[in-house]
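Here's a quick briefing for anyone meeting this structure for the first time. Have a look at the model below, then follow the points topic by topic.

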Amino acid sequence: MRQVVLPYTKADGKLYLQALEWPEKCACCGAEATEHNTLTHRAEGTGGDGSTYYDLNWSVPYCRACLKHAKLMSAINIVLIVGGILLWVGIGYGLFLMGLAENIFAIGAFILALPILGFIGYRLRKLIYHLLASTTPNCTHEGYAIDVTSSGTQQQVKLTFFNDDYASAFISLNQLQYISK
Ligand SMILES: [Zn+2]
Ligand SMILES: [Zn+2]
């Protein structure tokens with residue numbers, strides 16, 4: 001995993017970030033890219049007339065198999081998180097209906113149910129990945145191969161690459177010097 005930090009500035013109500021080029025190969029496995037995925041991120045620009053939010057997007061190359069498994073796994077994340085929360089609320093409601101809302105053991109069980117559900121969800125996700133995902137032997141990440149975060153106070157965007165070779169190619173293509181492990 002490699003991280004690249006890109007500083008940006010805000011001036012005249014616009015956000016200035018260097019234009020980025022993406023090596024034309026799959027960002028996950030490094031194979032020939034046949035598809036593109038739009039990577040989006042909302043960054044906060046501060047200074048001047050206060051804070052404004054800017055929508056950034058980039059077109060990231062993927063091979064067909066990797067784009068498929070990345071899409072599948074990000075959909076599975078949502079299903080598992082929403083499902084897990086509903087189940088947890090359901091357990092709480094069930095205990096309440098049984099008149100156990102003030103029972104210390106029931107409250108303990110309810111609290112304990114959260115990490116247990118989290119663990120079950122984690123195992124389920126692994127299982128789905130192994131059974132259903134269209135992976136290649138060189139895949140570097142289950143979901144999308146690049147993550148974006150940003151800091152409004154530091155005025156910088158941080159890209160996390162799960163494929164180190166792709167990160168290196170990206171860094172030389174864009175002549176970047178900002179890199180941290
Ligand atoms: Zn790929
Ligand atoms: Zn992959």
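Let's start with a pair of strands: E6 (residues 146-151) and E7 run antiparallel and are joined by six bridges. Keep in mind that this is a predicted model. The notes below begin with that pairing, move on to a helix, and then step back to the whole chain.

**Strand E7 and its partners**

- At one end of the E6 and E7 pairing, serine 151 has glutamine 156 as its bridge partner in E7.
- Elsewhere in this pairing, isoleucine 146 is matched with phenylalanine 161 of E7.
- E6 and E7 make a hairpin, and four residues sit between the two strands.
- Glutamine 155 belongs to the loop between E6 and E7, and its phi is positive, about 50°, although this residue is not a glycine.
- Is glutamine 155 buried, exposed or partly exposed? It counts as partly exposed, because 19 other C-beta atoms lie within 10 Å, and being buried would take 20 or more.
- E7 also pairs with E1: these strands run antiparallel too, and six bridges join them.
- In that second pairing, valine 5 stands opposite lysine 158 of E7.
- E7 has two faces: Val157, Leu159 and Phe161 are on the covered one, while Gln156, Lys158 and Thr160 are on the uncovered one.

**Helix H3 and its buried side**

- Which residues of helix H3 (residues 164-173) are buried? They are Tyr166, Ala167 and Phe170.
- These three sit on the same side of H3, because they cover an arc of only 100° around the axis.
- There's a general rule behind this kind of pattern: an α-helix has 3.6 residues a turn, so residues three or four places apart point the same way.
- Turn to the face of H3 that points away from the buried side, and you'll find the exposed residues Asp164 and Ser172.
- What covers the buried residues of H3? The cover includes strand E1 (2-7) and strand E7 (156-161).
- Just after H3 comes glutamine 175, with a positive phi of about 50°.

**A closer look at tyrosine 166**

- Tyrosine 166 is part of helix H3.
- Why does tyrosine 166 count as buried? Because it has 24 C-beta neighbours inside 10 Å, and the cut-off for buried is 20 or more.
- Leaving aside residues up to four places away in sequence, tyrosine 166 touches Pro23, Ala27, Gly30 and Phe161.
- One of these, Phe161, is also on the covered face of E7.
- Glycine 47 is 119 residues from tyrosine 166 in sequence, and their C-alpha atoms are 34 Å apart.

**Two exposed spots**

- Aspartate 12 sits in the loop between strand E2 (9-11) and strand E3 (14-16).
- Aspartate 12 isn't a glycine, yet its phi is positive, near 50°.
- Aspartate 12 is exposed, because just 7 other C-beta atoms lie within 10 Å and the exposed class covers 12 or fewer.
- Leucine 131 belongs to helix H2 (residues 104-132).
- Leucine 131 is exposed as well, with 7 other C-beta atoms within 10 Å.
- From leucine 131 to lysine 10 is 46 Å between C-alpha atoms, and the two are 121 residues apart along the chain.

**Two domains**

- The domain assignment gives domain 1 (2-63 + 136-180) and domain 2 (68-132).
- The centres of domain 1 and domain 2, taken over C-alpha atoms, are 32 Å apart.
- Where the domains make contact, six residues come from domain 1 and five residues from domain 2.
- The side of domain 1 that touches domain 2 has four nonpolar, one polar and one charged residues.

**The whole protein**

- Three helices and eight strands make up the secondary structure.
- Starting at the N terminus, the elements go β-β-β-β-β-α-α-β-β-α-β.
- The radius of gyration is 21 Å, whereas a compact globule of 181 residues would be near 16 Å.
- Along the principal axes, the C-alpha trace spans about 65 × 50 × 25 Å.
- Of the 181 residues, 19% are buried.
- Among contacts with a separation of 6 or more, 72% link residues 24 or more positions apart.

Technical notes: Residues are numbered from 1 along each chain as its sequence is written. Chains are lettered from A and ligands numbered from 1 in the order in which they are written. This is a predicted model: local features need pLDDT of at least 70, side-chain atom pairs count only at pLDDT 80 or more; totals for chains, interfaces and linings use all residues. The arc is that of the directions from the helix axis to the C-beta atoms. Two residues are in contact if their C-beta atoms, placed from the backbone, lie within 7 Å. Two strands pair if DSSP finds at least two bridges between them. The radius of gyration is taken over C-alpha atoms; the globule rule is 2.2 Å times the number of residues to the power 0.38. Domain bounds come from an automatic or database domain assignment. Ala, Val, Leu, Ile, Met, Phe, Trp, Tyr, Cys and Pro count as nonpolar, Asp, Glu, Lys and Arg as charged, and the others, Gly among them, as polar.
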